[in-house]
Amino acid sequence: MSPQLTLQTPLELVPSEVPTYLEQLWSPEQQGSTGTGASTFCLLIWQPAWAEQHLVRSDRLRGPITGQQTSDLIAAGRQAITEADLPISTPPLDGAVIEAVSRFEGDATAEDLRGQYIDPALSALMPRRLITLAPTIAPSQSLETLVAAYCPLPEEGGGTTACGDVVVLRGGDAALQDGLTILEPLLPASMPTWVWWNGFLDEAPELMARLACTSRRLIIDSAVGQPRQCLEVLRQRVEAGQAVNDLNWLRLRSWRETLAMMFDPPDRRDALSHVTQLDIDVEGHHPAQGLLLAAWIADRLGWTLDSANTIEEETMAQFHRPDGAAVTVHLMGVPVGQPNVHAGRIVGMRLICQPDNGKGVCVILCADSGGCMRLEGGGMANLDLHEDIVPVQHATPEMDVARLLGGGHDSTNPLLAAAAPLAARLLG
């Protein structure tokens, strides 16, 4: 399904009038015209869409601006990499791409529909209120505050629909900061509030701290931003006891499940107590996802970290197992011709187990049939080799966020809570 627009033209109000207008909108006298107000949750979204805004401005992408990761946007980002003579291994929406396209000439304009362009995966959950903060690339742009009632399209066969509303705050940085004073009355304590930081984790840290207070449930993507800062934000939020969800961790699910299945056969389970080496290859220069996987494995198997060192694209770490034996972990960034839109996607991993008695075991998992050539070579002739392909997920960020919201958890996943601090320590 295509994303849906709000079912009425958004009304522009001065910020001070927004709370009163929404209160009147859902009064019993008005509900006959707008439907029944949902009693579900509020979702506050930071949605800068820097790459999309600059690509539209420089006439390399047709509008409108939606904040969605469309195929046209990704294609335009890849074309900009070529035009700006960036390394071909640069992800299409990377910070280096944004910096490059910001220097492209052009003053094309397009309608900005951020906050009004609602993905069906989100609308199916019937949120009560969607609030979008949409900063503009023009720093001096004045604040626009838009409000509209919204009803998800009913499923075939009928059924009741609980409506909600959307609020959009759009403008330059200073104007947007001034407009944040209206947020508190728009986020009722009677409903949970989720904050989706749909941008770089190393931008606007003061704003993030203001929006994502510990009482709110936070959704981030540790693949977006400088790796150290991404893992540090994740660690800090976990250790503060906040309910934090990481889309980068969510995308690891198929890797964790496939690895667990490889050791399901009873004759292989004992090998997990005798791991000597773990190798992980990731795309490019962003190791966060690979480090989260390594940290999850180390935590589940009871390893203790002794040392870690990162030089350029390589991270080397030494652990010891519960029996005192050493384990070497090696994470390598490898160049790829057409990287995934999510920086640092895992290409492959190898786990070597050497029991004191009996034949060793080597498990290799690959993102695709050609992804593990480097891991398949060298010194494994005497090992019992097992390989498998990990299915690559192609979900949009909105679909991933909907999966998290649908779970309704009010705490951090305990596996992530254990892995995040260790992953941050691995990067140093």
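This tour moves through a predicted model, from a helix and its surroundings to a helix pair and then to several single residues.

**Helix α10 and its surroundings**

Begin by selecting residues 227-239, which form helix α10. If you place a distance between the C-alpha atoms at the two ends of α10, you should read 18 Å, and this agrees with the 18 Å that 13 residues should span at 1.5 Å a residue. Next, colour the buried residues of α10, which are P227, C230, L231, V233, L234, R235, R237 and V238. An α-helix has 3.6 residues a turn, so residues three or four places apart point the same way. To see what covers these buried residues, add the elements around them, including α9 (205-211), β10 (217-220), β11 (244-246), α14 (288-300) and α16 (414-427). Before leaving, step past the end of α10 to G241, which follows the helix and has a positive phi, near 85°.

**The pair α14 and α16**

Keep α14 and α16 on display, since both are among the elements that cover the buried residues of α10. Two packed helices are described by the angle between their axes and the distance between the axes. Here the axes of α14 and α16 come within 8 Å and cross at roughly 115°, and the crossing is right-handed. On the α14 side, select L291, L292, A294, A295, W296, A298, D299 and R300, and on the α16 side L415, L416, A418, A419, A420, L422, A423, L426 and L427, which together make the contact. Sorted by class, this contact has 15 nonpolar residues, two charged residues and no polar ones.

Now centre on L291, which lies in helix α14 and counts as buried because its relative accessibility is 2%, below the 20% cut-off. Leaving aside neighbours within four places in sequence, L291 is in contact with L231, T315, L331, A423, L426 and L427; of these, L231 is one of the buried residues of α10, while A423, L426 and L427 belong to the α16 side of the helix contact. For a sense of distance across the model, draw a line from the C-alpha atom of L291 to that of T109, which is 182 residues away along the chain and separated from it by 41 Å.

**T258 in helix α12**

Select T258 next, in helix α12 (residues 253-262); with a relative accessible area of 6%, T258 is buried. A polar atom of the T258 side chain lies 2.7 Å from the backbone oxygen of S254. Beyond residues up to four places away in sequence, T258 touches L365, D388, V390 and P391.

**The loop between α5 and β5**

Move to the loop between α5 (95-101) and β5 (117-118), where D112 is found. Is D112 buried or exposed? At 13% relative accessibility, D112 counts as buried. The side chain of D112 is joined to that of R114 by a polar contact of 2.7 Å, and, neighbours within four places in sequence aside, D112 is also in contact with I65 and R170.

S102 has its place in this loop between α5 and β5 as well, but S102 is partly exposed, with a relative accessible area of 34%. Show H54 and R57, which are in contact with S102 when its neighbours within four places are left aside. The C-alpha atoms of S102 and W50 are 8.7 Å apart in space, although these residues are 52 apart in sequence.

**Backbone details to inspect**

Finish with the backbone, bearing in mind that most residues other than glycine have a negative phi, and most peptide bonds are trans. In the loop between α3 (50-57) and α4 (71-83) you will find P64, which is joined to G63 by a cis peptide bond with omega of about 5°. D59 is also placed in the loop between α3 and α4; its phi is positive, near 65°, and D59 is exposed, with a relative accessible area of 62%. The last stop is A204, in the loop between β9 (193-197) and α9. A204 is not a glycine, yet it has a positive phi of about 50°, and at 31% relative accessibility A204 counts as partly exposed.

Notes
Residues numbered from 1 in each chain as written. Predicted model: local features only at pLDDT ≥ 70, side-chain atom pairs only at ≥ 80, totals over all residues. Heavy atoms only, no water. Helix = DSSP H or I, 4+ residues; strand = E, 2+ residues; numbered from the N terminus. Expected span 1.5 Å × (residues − 1). Buried < 20%, exposed > 50% of the residue type's maximum accessible area, 1.4 Å probe, protein only. Contact = heavy atoms within 4.5 Å. Axes fitted to C-alpha atoms, helices over the stretch in contact; angles between N-to-C directions. Left-handed = near helix turned anticlockwise from the far one by under 90°. Nonpolar A, V, L, I, M, F, W, Y, C, P; charged D, E, K, R; others polar. Polar contact = N/O pair within 3.5 Å; in protein donor to acceptor, adjacent residues only side chain to side chain.
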